[in-house]
Amino acid sequence: MHLLSALEAVLFAVGSDGLETRDIASILGVSLGEAESLCLQLRAQLDDRSAGIAVQQVAETWQLVTRPEYADYLKRMAQTPMQSTLSTAALEVLAVVAYKQPITRAEIDEIRGVQSDRALATLVHRRLVEEVGRQDAPGRPILFGTTSEFLRQFGLRSLDELPPLPEDLGREGVSLFQLPSDVARD
């Protein structure tokens, strides 16, 4: 059961590209025959419980796909406008990254005083922030920076056009999050 769950996670993570049987075997540490058997078992398991997804094989590539009978729901989802505003937490993280880049998640957390995982993931998903390298430190943490999409959405030609930070930043009661209102609204 552990290998079936691992296979499902791997196929989900790889997305629409799928994986060849030999790659699945290598990742799971099993033989080619066992990898194919696991794929067939996962397919049967998803079919048995009438899951919304299925395992599909095209040539030697295995992938998770949505079932055709749910196409209408997926079309409605695609036509439904997604929330376009950022949460306060996401705006805070974006401000920290914009002004302090390149910066690690741990450094962002330290500045904000709370965990920033979700907000950072949202910003990466929206292509406002991206991985720009690795810090030369134990564990080689990811460094984050803003993207050209960030510049485009905020109407900036370069980071040099960011509004200046308040002179009294860091004094008691003054934080990075008291940015000019035109920065926080967009």
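**View 1. Leu123 and the residues around it.** Leaving aside residues up to four places away in sequence, Leu123 touches Leu86, Ala90, Val93, Leu94, Leu128 and Val129. Keep in mind that this is a predicted model. Several of these names come back in the largest nonpolar core, where Val93, Leu94, Ile108, Leu123, Val129 and Phe150 are the residues with the most contacts inside it.

**View 2. The largest nonpolar core, 21 residues in all.** Three helices give two or more residues each to this core: H5, H7 (117-125) and H8 (148-153). H5 gives the most, with 7 residues. As background, nonpolar side chains in soluble globular proteins tend to be buried together.

**View 3. A second core, separate from the one above.** Here we are looking at 17 residues, including Ile24, Ala25, Leu38 and Trp62.

**View 4. An open sheet of three strands.** The order is S4-S6-S5, and the pairing is antiparallel. S4 and S5 are the edge strands, each pairing on one side only. For anyone wanting a reminder, strands of a sheet pair through backbone hydrogen bonds, either parallel or antiparallel.

**View 5. Strand S6 (residues 142-146) and its partners on either side.** S6 is mostly covered, with 4 of its 5 residues buried. Towards S4 (residues 103-104), the antiparallel pairing has 2 bridges, and Ile103 has Phe144 of S6 as its bridge partner. Towards S5 (residues 129-134), the pairing is again antiparallel and runs over 5 bridges. On that side, Glu130 has Gly145 as its bridge partner in S6, while Arg134 stands opposite Ile142.

**View 6. Helix H5 lying across the sheet strands.** H5 covers residues 88-100 and lies across S4, S5 and S6, running at about 95° to S6. This is also the helix that gives 7 residues to the largest nonpolar core, and Val93 and Leu94 are among the residues with the most contacts inside that core.

**View 7. Aromatic pairs, of which there are 2.** Take Tyr70 and Tyr73 to begin with: their ring centres sit 6.3 Å apart and their planes meet at 40°, so this pair is tilted. Tyr70 counts as partly exposed because its relative accessibility is 32%. Tyr73, at 52% relative accessibility, counts as exposed, the cut-off for that being over 50%. Then come Phe150 and Phe154, with ring centres 4.9 Å apart and planes at 35°, so this pair is tilted too. Phe150 counts as buried at 3% relative accessibility, and Phe154 counts as buried at 16%, since buried means under 20%. Phe150 has already turned up among the residues with the most contacts inside the largest nonpolar core.

**View 8. Stepping back to the protein chain as a whole.** The secondary structure comes to 9 helices and 6 strands. Of the 186 residues, 31% count as buried. The chain exposes about 12100 Å², and carbon and sulfur atoms supply 51% of that area. Among contacts with a separation of 6 or more, 43% are between residues 24 or more positions apart.

Notes: Residues are numbered from 1 along each chain as its sequence is written. This is a predicted model: local features need pLDDT of at least 70, side-chain atom pairs count only at pLDDT 80 or more; totals for chains, interfaces and linings use all residues. Side-chain values use heavy atoms; hydrogens and water are left out. Buried means under 20% relative accessible area, exposed over 50%, partly exposed in between (1.4 Å probe, protein chains only). Two strands pair if DSSP finds at least two bridges between them. Contact means heavy atoms within 4.5 Å. Accessible areas come from the Shrake-Rupley method with a 1.4 Å probe; for residues, only the protein chains shown count as cover. Axes are lines fitted to C-alpha atoms, for helices over the stretch in contact, and angles run from 0 to 180 degrees between N-to-C directions. Rings of Phe, Tyr and Trp (its six-membered ring) pair if their centres lie within 6.5 Å; planes under 30 degrees apart count as stacked, over 60 as edge-to-face and the rest as tilted. A nonpolar core is a set of buried Ala, Val, Leu, Ile, Met, Phe, Trp, Tyr and Cys residues joined through side-chain atoms within 4.5 Å.
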